[in-house]
Structure formats: C-alpha cells, structure tokens
Amino acid sequence: MPSKSCNVVVLLSGSGSNLQALIDSCAVPDSAVRIGAVISNRADAYGLQRAAAAGIDTAVLDHTGFQGREAFDAALVACIDGFAPDLVVLAGFMRILSGDFVRHYQGRLLNIHPSLLPRYKGLHTHRRALEAGDVEHGCSVHFVTEELDGGPLVVQAVVPVAPDDTVQSLAQRVHTQEHVIYPMAVHWFANGRLRLGEQGALLDGQPLSASGHLIRS
Ligand code: GRF
C-alpha cells in the first residue's frame, strides 16, 4: 500500500458491475485506491452484496423516507462524509443530485455514463444511438458538475456499432468498456494524475481535450 491511499466511497442503486470492476482493479500490489464504503439508496441493490463479499462497509439511505431532494441529499452528504472520502464515485446511482451536493464534492466526484457525451445525456442511450443510425457509440467518465451528465470529460471508450446490433448486444459491449475506463480514471485520480482544473480536467498537469482521453476498441 502507498503511504496514503485514496479513500473512495461508491454510490450505486443496482447491479454494481462497475463497482466489481473497481474492486477487482484494487487487487494489485500497492493499489492507491481503497474502497472505504458503498452506499445505496436501495436496500435490494445487488452491488451491496458485491461490497459485502469484498469486506467493504455498506450503508443504505432510502430516498423514499425523505421529504424532497434537498433533505435526502443533506443526509447523503452526512452519510458519505462519515467515511471521510477523498473521492466519491457514482456507479449507477439513479438519483439526480442537488446543486448543494455537487458543489460540496466539486473536483472529487466522478460519474460514468453509457454514451459518448455530449451525445445522449439521460436515459435509454443505447436505443437512442441505434435509432439515430450511429456507427459509433460508447461510454464516458466525467467530473460531475451541476449540469446533468455535463461535466468535464476524463476518458471515453468508443465502441463500433455493428449493423445487426440490438440494444442488448450494444449495451453489453459498452458495459465491457465501462469496466475498463472507470477503474482507469479512478486510479489516475488516486495516483494524483487526474484533477479538475478551472478550465476542465487535467491529466499529468496537461489539459485533456474536450472529449477527454479517447480509447478505441
Ligand atoms: C452503467 O451503465 C453506467 O454507465 C450507468 O449506470 C450503469 C450501472 O451499471 N451510469 P452497473 O450497476 O455498474 O452494472
């Protein structure tokens, strides 16, 4: 272990395959990443079981028990900060976060989105890419800002669309790439290589292009 590892808190609502990829990526000598906790707004999220199996602390904060977004987000901040994170990673956390939340974690909040942003913000990205006849699709890791799915891009994986692709087949190939680029970006951050500057994301002190670091499969 490095003298001080980067304490990461992961938020999720579902299967947690991206969490699993991150857990697996830490099984190397001297990993700079340490997953301190996994928090879900859903008690039935399978990602919680993955975390428990890896010996990671978990917490559930059910949004339906709160009067509105601000109240839930304030409780969520308290829960997250109880684990003193250096970085907060959204991995399929199906909640829109308030401005206060996002500002609180500015520069230490990452998200992964299943499209080549800025294309297809929001939901149903694979279907929308197919319906548009795109020849390329993919996924993006970005710093989170107040604009939904709109923060500075860190890394994108480009996935070619095959003529016979279905939503399922395309989603599966994009997911595989998510499991490559998300751990990569988290380890960059943990190793002090990635940060959010005033004009956008910086890797090794150099500004990344508007689309972030590009990977083609
Ligand atoms: C991924 O497709 C990610 O891009 C999106 O939510 C999904 C989470 O999948 N933000 P999983 O729970 O990590 O399998």
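Is Arg103 buried, partly exposed or exposed, and what is its relative accessible area? In this predicted model, Arg103 has a relative accessible area of 44% and is therefore classed as partly exposed, since that class lies between the limits of 20% and 50%.

The side chain of Arg103 takes part in two of the pairings described here, the first of which is a salt bridge with Asp100, with a distance of 2.6 Å from N to O. Both residues belong to helix 4, which spans residues 99-104, and they are separated by three residues, or about one turn of that helix. Asp100, with a relative accessibility of 53%, counts as exposed. Arg103 also meets the side chain of Glu146 in a salt bridge, for which the N to O distance is 2.8 Å. This second pair connects distant parts of the chain, because Glu146 is placed in the loop between strand 6 (136-143) and strand 7 (153-160), whereas Arg103 is in helix 4, 43 residues apart. Glu146 is itself exposed, its relative accessible area being 51%. Asp100, Arg103 and Glu146 are thus joined in a network of salt bridges.

A further salt bridge is formed between Glu147 and Lys121, whose closest N and O atoms are 2.5 Å apart. Here too the pair links distant parts of the chain, with Glu147 in the loop between strand 6 and strand 7 and Lys121 in the loop between strand 5 (109-113) and helix 5 (125-131), 26 residues apart. Both partners are partly exposed, Glu147 at 46% relative accessibility and Lys121 with a relative accessible area of 30%. In total, the structure holds 10 salt bridges. Side chains of opposite charge can pair when their charged atoms come close.

Attention then turns to the ligand. The space that the ligand takes is the largest pocket, and the elements that contribute two or more residues to the shell around the ligand are helix 1 (17-25), strand 5 and helix 6 (167-190). The surrounding residues are Ser15, Gly16, Ser17, Asn18, Gly92, Ile112, His113, Pro114, His175 and Glu178. Among the contacts to oxygen atoms of the ligand, a polar backbone atom of Gly16 is found at 2.7 Å, and a backbone N or O atom of Asn18 lies at 2.8 Å. From the side chain of His175, a polar atom lies 3.2 Å from an oxygen atom of the ligand. The ligand taken alone exposes 370 Å², of which the protein buries 83%.

Notes:
Residues numbered from 1 in each chain as written. Predicted model: local features only at pLDDT ≥ 70, side-chain atom pairs only at ≥ 80, totals over all residues. Heavy atoms only, no water. Salt bridge = Lys/Arg side-chain N within 4 Å of Asp/Glu carboxyl O. Helix = DSSP H or I, 4+ residues; strand = E, 2+ residues; numbered from the N terminus. Buried < 20%, exposed > 50% of the residue type's maximum accessible area, 1.4 Å probe, protein only. Near = heavy atom within 4 Å. Polar contact = N/O pair within 3.5 Å; in protein donor to acceptor, adjacent residues only side chain to side chain. Areas by Shrake-Rupley, 256 points an atom, 1.4 Å probe, with all protein chains shown as cover. 1 Å grid on protein atoms, 1.4 Å probe; cavity = no way out; pocket = protein on both sides within 12 Å on 5 of 7 lines; lining within 4 Å. Sits in = over half its atoms within 2 Å of the grid points.
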